[in-house]
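Here are my notes on the structure, set out as numbered points for you to read alongside the sequence and the coordinates.

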Amino acid sequence: MSTSNDNQRHRDVPSARRSYISRRKLFVLGFMAMCAAFAGFVLSYRRSTLEAFLDTLIPRDEFGPSATDIGLTDIIRQKAERNHWRFVELELAQVWMNLKAGGSFAGASEARRNEIVSQMEASGPDSVLWKAYHFARTHCMTYYYANAERATALGFVGPPQPDGHEEPAALWTGAANG
Amino acid sequence: MGDGRSDPMLPEEIDVLVIGAGAGGAAAAQRLASHGVSVVLIDAGPAFDASDYSVDVSDWENQGFPSKPSSQGSYEFGAGQAFDPKWDHLRKFSKARGWTSTRTHRVMGDYHHVRGIGGTTLKFTGWAHRFHTDSFRLRSNTGQGFDWPLGYDDLEPYYHDVEWMIGVAGPPGISGRPMSSSFPTPAHTPSRLSQVLARGAARRGLSWTENSVVAPSRAYRGRPACNYCGCCQWGCPRGDKGSADVTFVAAALETGRCKVYPLHSLVRLERGGDDMISKAVVASQDGQLQDIKPRHVVLAAGAIETPRLLLAMDGLANESGRVGHHLMETVWSYHTGLHPDPVGSHRGYPEDTICWDFDRPDAIHGAAGGGIILPLAATERFLGPASYARKLIKGFGSDHKKRLREMFGHAVGVQVICENLPSEGRYVALSDTLTDRFGMPIARIESVLPDADLRLLSGLAGMALEVMKASGVDEVLEQASSYEKFSSTHLAGTCMMGKDSETSVVNEFGRTHRWKNLWITDASVLPSMGNGVGLSVTIQALALRTADRLVAAMRGDD
């Protein structure tokens, strides 16, 4: 660490000025590093909340991968960032989810997460929670299932073309006869 | 598709300039060219081809009909009407979302159209309907609406020509529509969904029969038979659907006498002496203006753009003051639920069957005009798992996944479309504030659904719900209607045909009452909506009739 005398001396020696960092600069850099660390923590915290939320909507199970397994987190976030109100609703909902979970929604048990998301679903169309729930649900379901591989598991073989859906013609017995 | 052009510039002198390459303009161009007339067909929108459509990609369900530069026109809406509690049963709800509309006013939402070569036929499902013989005498039969200045018999030969041009698939005959010959290809075998609804209808004493549609059931004139992907509204990459681009436009080009110019807009028609249009000013996509001098002009820009253009050109052809009035819209509702048994709702031709029992002007007590009931699948996109997951299966988590696996393919939906009588509260006008890139005001769409319309819709929706219930669907999970939101596919009536030049814009041949070489061949000339049936075949039949008359006029025979 330099002293005030050091600083005085360095002012007289321009070439040395570049070799040392002033206390003020060090303080600023330290503060910025702390801010960055805190921002990183907050971002990581927010991301883990969102990921836990999306994986509660579409979990990994015997029926297939989870929402985050197929990279939906960034898609949902980008969707939200395109609409100011959706973004704010989603952020507020995540704060609420963490509070309900006692600090960390991501750290809560699966049963507790399901309980919290069920409360969002039941909160009523005028609430921020309901809007955030349906925003995330709609886009998750759309991107998750509008994919031929996952649709195949449902008996839907690939996209509709080029093969179409030929159907056996034998069942129709005539107009109004059923 | 080749566009028949050898020069990017339009020819300066031609026989006929056709403005708008949708159902009516394409049909008129083909017929005119087949008579040996030189035709230039322009459209403000682009050309589409198979590579534009996304029905064969992994995320096809996230796609829809493609958007290309200039493929949508600009328009604005007036205010939506306030809701009346007596029609609350027509409001929108979704049980999967736990949501019932609490809006206080009708949403003025969408005018579903495509600008481009083929127009909205590019994205329609493709009902190929003739109007009922009684639909031409709506006022005589009901005391409301308007009679046509021509009858079914006048149009029948043209219906035949249209059906054989586009390769309609349909049953041997349809009640109330005498046919001089059968449809060119047999009806599609109804899907399992349709069979389930047919059984329900039979239990209610209603008939439910094969629909007539524009996709052939057998290979037809170089086009393959439909392979039932269900994605007509995404655009047909195979070209089996008989949209105007692969039928009339292709046939017009084959004559060698028609040149097609996408991305060219009409800017002005200039009035000459002797009640003739002397010149048209057309702009290319880069804004370059060009004068051309057609002997005749056929305006076919649709029920919104045609009156908009006329009004913007200082009220051209508006001597009666009726341009833009008599707007008729799609009055519809749909209702969807889940059947306990799989019905393969994603398979088969969408809307391949129909109930014609209410296709008469006295179908519903206390309401004028009738309607039709059809299956619903493609319209609300129950063709893949994403729409099921979002709209029909409630909840989330593993239970949701499990339920989706169990219920995929079980969706049963019905839709109702009915007659729409002209109303003074529904019209097209010019925007007070917004203009297009040429400085012309864009259209403003005003719409109010009066009680008469809602009485008819309510009655028919009740019938549709009975069919659904009798088909085995106990609970309606989702419902929407045009009462909640203006969301129109069929618009008509804004340059209505009639015998009286004081109350109509064109005569029975589509010729404007004053301007001898200005004709209109699109949905704007229709005096009624035919009880909600598909309009394209009637628009095209009228266009052929107009073209024949125009050629006669050129030859001095009229």
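1. I begin with Pro190(B), which is buried in this predicted model, its relative accessible area being 2%. Pro190(B) belongs to the loop that connects strand 8 (185-186) with helix 4 (192-203) of chain B. Although 185 residues separate Pro190(B) from Pro375(B) along the chain, the C-alpha atoms of these two prolines are 11 Å apart.

2. Helix 4 of chain B, which follows that loop, lies across strand 16 and strand 17 of chain B, and runs at about 70 degrees to strand 17 of chain B. Strand 16 and strand 17 (residues 411-418) of chain B are antiparallel and are joined by six bridges; on the strand 17 side, Gln415(B) is the bridge partner of Leu374(B).

3. These two strands belong to an open sheet of six strands in chain B, with the order 5-4-20-14-17-16 and antiparallel pairing. Its edges are formed by strand 5 (99-100) and strand 16 (371-376) of chain B, each of which pairs on one side only.

4. A parallel arrangement is found around strand 2 (residues 39-42) of chain B, which pairs with strand 1 (residues 13-19) of chain B over four bridges, Leu41(B) being the bridge partner of Val18(B). Between these strands the chain passes through helix 1 (residues 23-34) of chain B, giving a β-α-β crossover that is right-handed. Strand 2 of chain B also pairs in the parallel sense with strand 10 (residues 258-261) of chain B, again over four bridges, and here Ile42(B) has Tyr261(B) as its bridge partner.

5. Which residues of strand 2 of chain B are buried on one side and on the other? Val39(B) and Leu41(B) are buried on one side, while Val40(B) and Ile42(B) are buried on the other, and both faces of the strand are therefore covered.

6. On the cysteines, the structure holds zero disulfides over all chains. Cys231(B) has the sulfur of Cys229(B) as its nearest cysteine sulfur, at 4.2 Å, and is in no disulfide, the cut-off for such a pair being within 2.5 Å. Cys231(B) is buried, with a relative accessible area of 1%.

7. Why is Cys418(B) without a bond to the closest cysteine sulfur? That sulfur belongs to Cys355(B) and is 13 Å from the sulfur of Cys418(B), which is too far for a bond. Cys418(B) is buried, with a relative accessible area of 1%.

Conventions:
Residues numbered from 1 in each chain as written. Chains lettered and ligands numbered in written order. Predicted model: local features only at pLDDT ≥ 70, side-chain atom pairs only at ≥ 80, totals over all residues. Heavy atoms only, no water. Buried < 20%, exposed > 50% of the residue type's maximum accessible area, 1.4 Å probe, protein only. Pairing = 2+ DSSP bridges. Right-handed = clockwise from strand over helix to strand, strands pointing away. Contact = heavy atoms within 4.5 Å. Axes fitted to C-alpha atoms, helices over the stretch in contact; angles between N-to-C directions.
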